[in-house]
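Let's take a relaxed walk through this protein chain. Have a look at the model first, and then we'll start from one residue and work outwards.

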Amino acid sequence: AWDAVATLATQRHAYLEAALRGDAWRHAPDVDGSLRQILATDQQLAARATAARQQTATALAELRGASRMRDAYTAHAAAG
């Protein structure tokens, strides 16, 4: 459910940014630091998920291409 995960991550990211922008000065330093760390981790996870999705799409495309080549070779061998 890539799309659902991306939507939730975007919402969470926006809420964290708003918390830090709005009244971050009221937070204890450890809370502020934790929010910033969560935000940075979210960004890293989003980048990794995007890369994994792209790698998966590429691998599937390669598998489909290999299957088509194999099917064409099999059909040609049977006909020839």
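Our starting point is Leu-39, which sits in helix α2, residues 29–79. (Helices are DSSP runs of H or I with at least four residues, strands are runs of E with at least two, and both are numbered from the N terminus.) Keep in mind that this is a predicted model: local features need pLDDT of at least 70 and side-chain atom pairs count only at pLDDT 80 or more, while totals for chains, interfaces and linings use all residues. Residues are numbered from 1 along each chain as its sequence is written, and side-chain values use heavy atoms, with hydrogens and water left out.

Is Leu-39 buried or exposed? Leu-39 counts as buried because its relative accessibility is 12%. (Buried means under 20% relative accessible area, exposed means over 50%, and partly exposed is in between, using a 1.4 Å probe and protein chains only.) Asp-32, Leu-35 and Asp-42 of α2 are buried too, along with Leu-39. Here's a handy bit of background: an α-helix has 3.6 residues a turn, so residues three or four places apart point the same way.

What does Leu-39 touch, leaving aside its neighbours within four places in sequence? The contacts are His-13, Leu-16, Glu-17 and Leu-20, where contact means heavy atoms within 4.5 Å.

Now for α1, which covers 2–23. Ala-6 is found in this helix, and so is Ala-14. Ala-6 is partly exposed because its relative accessible area is 40%; Ala-14 is partly exposed as well, at 38%. The table gives some C-alpha to C-alpha distances.

| Pair | Apart in sequence | Apart in space |
|---|---|---|
| Leu-39 and Ala-6 | 33 residues | 14 Å |
| Ala-6 and Thr-50 | 44 residues | 9.2 Å |
| Ala-14 and Leu-35 | 21 residues | 12 Å |

Next, the largest pocket: it holds about 350 Å³ of space. Of its 13 lining residues, Val-5, Ala-6, Ala-9, Leu-45 and Ala-46 are the closest to its centre. (On a 1 Å grid over the protein atoms alone, a pocket is an open set of points where a 1.4 Å probe fits, with protein on both sides within 12 Å along at least five of seven lines; lining residues have an atom within 4 Å of a point.) The largest share of the lining, 7 residues, comes from α1.

Finally, step back to the whole chain. The protein chain has 2 helices and 0 strands, and 10% of its 80 residues count as buried. The 51 residues of α2 should span 75 Å at 1.5 Å a residue, and its end C-alpha atoms are indeed 75 Å apart. (That expected span is 1.5 Å times one less than the number of residues.) Taken along the principal axes, the C-alpha atoms of the chain fill a box of roughly 80 × 20 × 15 Å.

Methods. Grid points are joined across faces, edges and corners, and a volume is the space filled by probe spheres set on the points.
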